[in-house]
Amino acid sequence: MNKPIGILLMAYGTPRSLDEVEAYYTHIRRGNKPSQALLDELIGRYKAIGGVSPLNEITDEQARRLEQTLNAKGSQYKVYIGMKHAEPFIADVVRRMADDGIAEAVGVVLAPHYSTMSVGVYTKEAQEAAKAVGLEMKCVSSWHMQDAFLDALEARLRDALERFSEDERRQLKVVFSAHSLPERILALGDPYPKQLLETSQALAERVQIRDWQFAWQSAGRTAEPWLGPDLLLVMDELAETGYHAMLSCPVGFVADHLEVLYDLDIEARQHASQKGIHFERTASLNADQRMIDALVAAIHEVEGESHFTGAR
Ligand SMILES: CC1=C(CCC(=O)O)c2cc3nc(cc4[nH]c(cc5[nH]c(cc1n2)c(C)c5CCC(=O)O)c(CCC(=O)O)c4C)C(CCC(=O)O)=C3C
Ligand SMILES: [Fe+2]
């Protein structure tokens, strides 16, 4: 009996309790401990969303559904979760895959758009770990234009537009957003901004949204400049130009987590009400079957490229 093909589903990770936040944040900052002020601010944000983030439960459900969907036609796939900033870390999980006898694997990140600073980091970690244990690891680089991914987001946009009155929809701005990155990626020709605009443009065409723009959010607090304009700044400009309705569609995030539940639902919503703007946000995809179908399609595309001889 053939060994199953391993699927390494990679996610950002999240602290399991407030006392894990310091170690987690230090890991995100590549080993540099945050100042007490920065740590208190992050802990405050977790407290504001109820203490911990739902990200782990959502990642587990995404993995369960992905394995179920992949094996629907009797194939043999085994899905493993590897995290970037929390246990179980990517490299440890790749070693566990090899110990389980997995010889071929496909890695995919729960981030649809490629950047050297996000998906590139996950992929490098996974492939270095795979090489060390003699496991063949192919990785999906991006899945931002998969039809099923766009179908899911199109449905979310149509639902959210219903939450505005006829009148508001006459002058409403749809703002697509994603996690900002340090500006220096532009000089590197990183595809992240272009891919985000491709997804945004495709959605605007599907839903016939004429009045839309792209904004960055959740920029890190580091010395160097991060991509802008920031969502809050865009909101100020909307208020100054007479907008009273804005729909936020964070296309760069696939799950409810702190940078949606706090940065958008608390911070951006507060800012909007101070500006007299009716703020709504599209619901996150989380374990939506169409998003899972997009992951499956992206995995099969990479398998096709690599002509895996493994189980089907
Ligand atoms: C607290 C926290 C959560 C936890 C949420 C929870 O517990 O619910 C979270 C989640 C996420 N963050 C995400 C994306 C990114 N976050 C970045 C950078 C940063 N995040 C930070 C904080 C957080 N982020 C911080 C302090 C930085 C700046 C680092 C620095 O000071 O240098 C960067 C820039 C590159 C890098 O620096 O990694 C990206 C692309 C994604 C999307 C999926 C993905 O891309 O994996 C998710 C789920
Ligand atoms: Fe982040």
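The following exercises, each with a worked solution, concern a predicted model.

**Exercise 1. Strand β3 and its surroundings**

Task: Determine how many residues of strand β3 are buried, and which strands pair with β3.

Solution.
Step 1. Strand β3 spans residues 104–109, and 6 of its 6 residues are buried.
Step 2. Glu 104, Val 106 and Val 108 point one way from the strand, whereas Ala 105, Gly 107 and Val 109 point the other way. Both sets are buried.
Step 3. Strand β1, residues 5–11, runs parallel to β3 and is joined to it by 5 bridges. Within this pairing, Leu 8 has Gly 107 of β3 as its bridge partner.
Step 4. Strand β4, residues 136–139, also runs parallel to β3, through 4 bridges. Here Ala 105 is matched with Met 137 of β4.
Step 5. The connection from β3 to β4 includes helix α5, residues 119–132, and the three elements form a right-handed β-α-β unit.

**Exercise 2. The two faces of strand β4**

Task: Establish which side chains of β4 are buried and which are not.

Solution.
Step 1. The side chains alternate along the strand.
Step 2. Met 137 and Cys 139 point to one face and are buried.
Step 3. Glu 136 and Lys 138 point to the other face and are not buried.
Step 4. Met 137, on the buried face, is the bridge partner of Ala 105.

**Exercise 3. The buried side of helix α4**

Task: Identify the buried residues of helix α4, and explain why they lie on the same side.

Solution.
Step 1. In α4, residues 90–99, the buried residues are Ile 90, Val 93, Val 94 and Met 97.
Step 2. Their directions cover an arc of only 105° around the axis, so they are on the same side of α4.
Step 3. The general geometry of an α-helix is relevant here: with 3.6 residues a turn, residues three or four places apart point the same way.
Step 4. The buried residues of α4 pack against β1, β2 (77–83), β3, α5 and β4.
Step 5. After the helix comes Gly 101, which has a positive phi near 90°.

**Exercise 4. Helix α12**

Task: Describe the span of helix α12, and state which of its residues are buried and which are exposed.

Solution.
Step 1. Helix α12 covers residues 263–274, which is 12 residues, and reaches 16 Å from its first C-alpha to its last. This is close to the 16 Å expected at 1.5 Å a residue.
Step 2. Asp 263, Leu 264, Ala 268, His 271 and Ala 272 are its buried residues. They cover an arc of only 100° around the axis and therefore lie on the same side of α12.
Step 3. On the other side, Ser 273 and Gln 274 are exposed.
Step 4. The packing partners of the buried residues include α2 (36–48), β6 (212–217) and β8 (278–281).
Step 5. Gly 276, with a positive phi near 70°, follows the helix.

**Exercise 5. His 113 and Arg 156**

Task: Decide whether His 113 and Arg 156 are buried or exposed, and list contacts of each.

Solution.
Step 1. His 113 is found in the loop between β3 and α5. Its relative accessibility is 2%, so His 113 counts as buried, the cut-off being under 20%.
Step 2. The side chain of His 113 makes a polar contact of 2.9 Å with the side chain of Thr 199. Beyond its neighbours within four places in sequence, His 113 also contacts other residues, including Ser 142, His 144, Tyr 192 and Val 251.
Step 3. Arg 156 lies in helix α6, and its relative accessible area of 13% makes Arg 156 buried.
Step 4. Outside its neighbours within four places in sequence, Arg 156 is in contact with Thr 282, Ala 283, Ser 284, Leu 285, Asp 288 and Arg 290.

**Exercise 6. Backbone features in loops**

Task: Locate the cis peptide bonds from Glu 87 to Pro 88 and from Gly 228 to Pro 229, and compare the burial of Gln 208 and Ser 218.

Solution.
Step 1. The bond from Glu 87 to Pro 88 is cis, with omega near -10°, and Pro 88 is in the loop between β2 and α4.
Step 2. The bond from Gly 228 to Pro 229 is cis, with omega near 5°, and Pro 229 is in the loop between β6 and α10.
Step 3. Gln 208, although not a glycine, has a positive phi of about 50°; Ser 218 has a positive phi near 55°.
Step 4. Gln 208 is exposed, with a relative accessible area of 61%, whereas Ser 218 is buried, at 13%.

Terms used: Residues are numbered from 1 along each chain as its sequence is written. Chains are lettered from A and ligands numbered from 1 in the order in which they are written. This is a predicted model: local features need pLDDT of at least 70, side-chain atom pairs count only at pLDDT 80 or more; totals for chains, interfaces and linings use all residues. Side-chain values use heavy atoms; hydrogens and water are left out. Buried means under 20% relative accessible area, exposed over 50%, partly exposed in between (1.4 Å probe, protein chains only). Two strands pair if DSSP finds at least two bridges between them. A crossover is right-handed if, with the strands pointing away from the viewer, the path from the first strand over the helix to the second runs clockwise. The expected span of a helix is 1.5 Å times one less than its number of residues. The arc is that of the directions from the helix axis to the C-beta atoms. Contact means heavy atoms within 4.5 Å. A polar contact is a pair of N or O atoms within 3.5 Å; within protein, one must be able to donate a hydrogen and the other to accept it, and residues adjacent in sequence count only if both atoms are side-chain atoms.
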